[in-house]
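Here are some exercises to work through with the model open beside you. Try each task before you read its solution.

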Amino acid sequence: MQEFAEFESLLERPLDQKNVEFQRQGRLKHLISASQLTIPLLEKLCHSADMIRKMNRNPSGNQRLRQLLAHKRAMLYFTQPSTRTFLSFMAACQILGLTCNEVRDPKTSSEVKRESRMDSIRMFSSYFDVIIMRSQIGNFAECCAYLMNDLENQERRSVPIVNAGAGSDEHPTQALLDMYTIIRTFDFDQSSAERASRLDQLREQYPGLTPGPAGKTYAFVGDIGRGRTVRSLATVLAQYPDVRMFFVSPDHEVLNLDAELKDYLKRSGVMVEEFQSLDAEFNGQSLLGQVDCLYMTRIQREHNSEQAESEIAAIDLEPFRLTVERVAQLKTYTPILHPFPRDSVVGEIPTEIDSDSRAMYFRQARNGMWARAALLVHLFDAADTLYLAYRDVMPARG
Ligand code: NCD
């Protein structure tokens, strides 16, 4: 795209080279790619998210949270449809006292007067302290981060950029909340008698079960090729040792696991297997019975070309839909996740599954609020202040 031409050579570099420029002194400066979510950073963010979640339940905790970033303002620039990401970021801002504003329809901004997107972003950075953005253009957020870095180098005003969904490429904050949900599910904190005894109970049936995301089998189901949430979450999970991933999608070139992600996962030591039905078997046993975490997704019809539209319409999606019988094959602890929205016509997760104790998708969405608030605290270097406030207002345990 013409207006990003000056950043083209930067976009082509390997991720680890780029990521150095999106951080400062061990802290994120911008969040552009899920590959920035290292295990130590995830641990810090999950710890902050836990504190925010617990403080929010208590009136004095709630009040202290609202003072934490009351001096900051956020711009939510969402030119692609969004419900959960937009609203959970807005709620996260409200919890922390940040004022937020939004542009969702570029027709209401000066883009109609042919203002370039880059000028719009620079204007937002004049009025706000962070820009949280979603766009159908894959590398727009990344280019905005380069623009901010250039401004910083010229000692001009520069603010953090948060990628809240970029084309079909990346959705790092969804990966963050998915990881928060997975980490909470497999926490089994030994300092909590209730969590520790749950692990003991589960181990009677599943002796190999260990705490934490490592050593587990993750199944991703649906639109693997175009689901940015799948790409981002798989990238983060690949950092943990001894991880196995099952990808279950209809056999169509745009829906299958793409070669680039597959290669990345294999190079990271992940054992990757691909299937074309939830009823498939692996090593002579049902696939579903071997899964520790099930990640469902919808078919992303909005990305269909005309040709793909008719080809995909002809695919029988029944093998990729959950049913009560299929859920019954899962281990008793396996969380069922979905980034949502679910497709109410295809019904990859019918509502009858919602009452199953393993259905975690609504809790997962709520976790988005805590995880995104933790990210804002991190970006504004307020984690220590959060911790002090937590110690002040929360009754000591024990
Ligand atoms: C996802 C997205 O936008 O990529 N939704 C979300 O942010 N929770 C998934 C989707 O649209 O299918």
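**Exercise 1.** In this predicted model, find in which sense strand 7 and strand 8 pair, and over how many bridges.

*Solution.* Start with strand 7 (residues 217–221): its pairing with strand 8 is parallel and takes in five bridges. Next, pick out one pair: Val221 has Val248 of strand 8 as its bridge partner. Finally, follow the chain between the two strands: strand 7, helix 10 (residues 228–237) and strand 8 form a β-α-β unit that is right-handed.

**Exercise 2.** Now turn to the other neighbour and work out how strand 8 and strand 9 run.

*Solution.* Strand 9 (residues 271–275) runs parallel to strand 8, and five bridges join them. Among the pairs, Met245 is matched with Val272 in strand 9. The connection passes through helix 11 (residues 259–267), giving a right-handed β-α-β crossover.

**Exercise 3.** Why is strand 8 largely enclosed by the rest of the structure?

*Solution.* First sort the side chains: Arg244, Phe246 and Val248 point one way, while Met245 and Phe247 point the other way. Such alternation between the two faces of the sheet is what a regular strand shows. Then check burial, taking under 20% relative accessible area as the cut-off. Five of the five residues in strand 8 (residues 244–248) are buried, so the strand is largely enclosed.

**Exercise 4.** Decide how helix 5 and helix 14 are oriented to each other.

*Solution.* The axes of helix 5 (residues 84–95) and helix 14 (residues 361–379) come within 8 Å and cross at roughly 55°. The two helices are therefore oblique to each other, and the crossing is right-handed. Helix 5 residues including Phe89 and Ile95 meet a set in helix 14 that includes Trp370 and Leu376.

How values were computed. Residues numbered from 1 in each chain as written. Predicted model: local features only at pLDDT ≥ 70, side-chain atom pairs only at ≥ 80, totals over all residues. Heavy atoms only, no water. Buried < 20%, exposed > 50% of the residue type's maximum accessible area, 1.4 Å probe, protein only. Helix = DSSP H or I, 4+ residues; strand = E, 2+ residues; numbered from the N terminus. Pairing = 2+ DSSP bridges. Right-handed = clockwise from strand over helix to strand, strands pointing away. Axes fitted to C-alpha atoms, helices over the stretch in contact; angles between N-to-C directions. Parallel < 35°, antiparallel > 145°, perpendicular 65-115°, else oblique. Left-handed = near helix turned anticlockwise from the far one by under 90°. Contact = heavy atoms within 4.5 Å.
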